[in-house]
Amino acid sequence: NNNNNNNNEEDDDDDFPGTEIAIVLDGSGSIDESDFRIAKDFIKNIARNIGDKCPECTFALVQYGSEIETIFNLNESKAMGSRIFQVVDDMHQLRHVTKTASAIQHVLDNIFNETQGSKRYAKQFLIVITDGEIYGDKRNITDVINSPKIAKVT
């Protein structure tokens with residue numbers, strides 16, 4: 001609720017910027033099926049534990065492998081409520097190559113973006129769940145980590 005009767009959304013962002021958490025999941029072929037299930041349980045625990053303590057937090061989930069797929073963005077996670085757990089359970093592993101750098105860039109370009117529900121002054125966190133192997137990614141991880149877009153992301 002905005003108690004000052006000012007309905008300007010930009011002012012809402014300033015007053016209550018919230019917290020945005022993007023989870024980037026390695027679903028490549030180097031991840032065992034059992035480890036992928038463990039990662040999905042970990043994601044559900046993050047959403048449950050943080051969601052209970054932080055009602056202003058929003059989540060996004062991106063999986064990468066042969067493709068980079070947004071499972072849900074910040075806007076969608078707000079609307080999904082507890083259905084988020086079923087969506088994570090139903091997610092299939094993409095397999096094949098490991099485009100970690102491209103997946104992180106995808107989050108910077110498409111998730112932490114105001115058109116996708118991101119708030120300009122929100123605290124932004126990026127959690128990458130991977131085995132650390134990058135394979136078949138044309139994008140350089142150092143370039144992504146050093147890009148200006150990642151400067152405000154923790």
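## Exercises on salt bridges, loops and buried residues

E114 counts as partly exposed, with a relative accessibility of 45%. That value, like everything below, comes from a predicted model, so let's work through it together.

**Exercise 1.** Find the salt-bridge partner of E114, and say whether that partner is buried, exposed or partly exposed.

*Solution.* Step one: look at the side chain of E114, which meets the side chain of R120 in a salt bridge with an N to O distance of 3.4 Å. Step two: check the accessibility of R120, which is 33%. Buried would need under 20% and exposed over 50%, so R120 is partly exposed. E114, at 45%, is partly exposed too.

**Exercise 2.** Work out which parts of the chain are tied together by the salt bridge between R95 and E33.

*Solution.* Step one: confirm the pair. The side chains of R95 and E33 form a salt bridge at 4.0 Å, N to O. Step two: place both residues. R95 belongs to the loop between helix 4 and helix 5, while E33 belongs to helix 2, so the bridge ties together parts that are 62 residues apart in sequence. Step three: add the surroundings of R95, which is partly exposed at 31% relative accessible area.

**Exercise 3.** Explain how R37 and E33 are spaced along helix 2, and give the distance between their closest N and O atoms.

*Solution.* Step one: the closest N and O atoms of this salt bridge are 3.5 Å apart. Step two: both residues sit in helix 2 (residues 33-53), and because they are 4 residues apart there, about one helical turn separates them. Step three: R37 has a relative accessible area of 44%, which makes it partly exposed. For context, the model has 6 salt bridges in total.

**Exercise 4.** Which residues of the loop between helix 4 and helix 5 have a positive phi without being glycine? Name two, and compare their accessibility classes.

*Solution.* Step one: R95 is in this loop, and its phi is positive, about 70°. Step two: H96 lies in the loop as well, again with a positive phi of about 70°. Step three: turn to accessibility. R95 is partly exposed at 31%, whereas H96 is exposed at 58%.

**Exercise 5.** Decide whether M91 is buried or exposed, and list its contacts beyond four places in sequence.

*Solution.* Step one: locate M91 in the loop between helix 4 (83-90) and helix 5 (100-111). Step two: its relative accessibility is 6%, so M91 is buried. Step three: with neighbours within four places set aside, M91 contacts L25, F36, K40, L61, Q63 and I71. Step four: for a sense of distance, take I141, which is 50 residues from M91 in sequence and 26 Å from M91 in space, C-alpha to C-alpha.

**Exercise 6.** Do the same for T58: is this residue buried or exposed, and what does it contact?

*Solution.* Step one: T58 is part of strand 2 (residues 57-64). Step two: a relative accessible area of 9% makes T58 buried. Step three: beyond four places in sequence, T58 touches T19, E20, I21, L74, S77 and K78.

**Exercise 7.** Which residues make up the patch of negative charge on the surface?

*Solution.* Step one: the patch gathers D32, D35, D131 and E133. Step two: take D131, found in the loop between strand 4 (123-129) and helix 6 (141-145). Step three: at 33% relative accessibility, D131 is partly exposed.

How values were computed
Residues numbered from 1 in each chain as written. Predicted model: local features only at pLDDT ≥ 70, side-chain atom pairs only at ≥ 80, totals over all residues. Heavy atoms only, no water. Buried < 20%, exposed > 50% of the residue type's maximum accessible area, 1.4 Å probe, protein only. Contact = heavy atoms within 4.5 Å. Patch = residues over 30% accessible without salt bridge, like charges linked within 9 Å, V, L, I, M, F, W, Y side chains within 5 Å. Areas by Shrake-Rupley, 256 points an atom, 1.4 Å probe, with all protein chains shown as cover. Lys, Arg positive; Asp, Glu negative; His and termini not counted. Charge placed at Lys NZ, Arg CZ, Asp CG, Glu CD.
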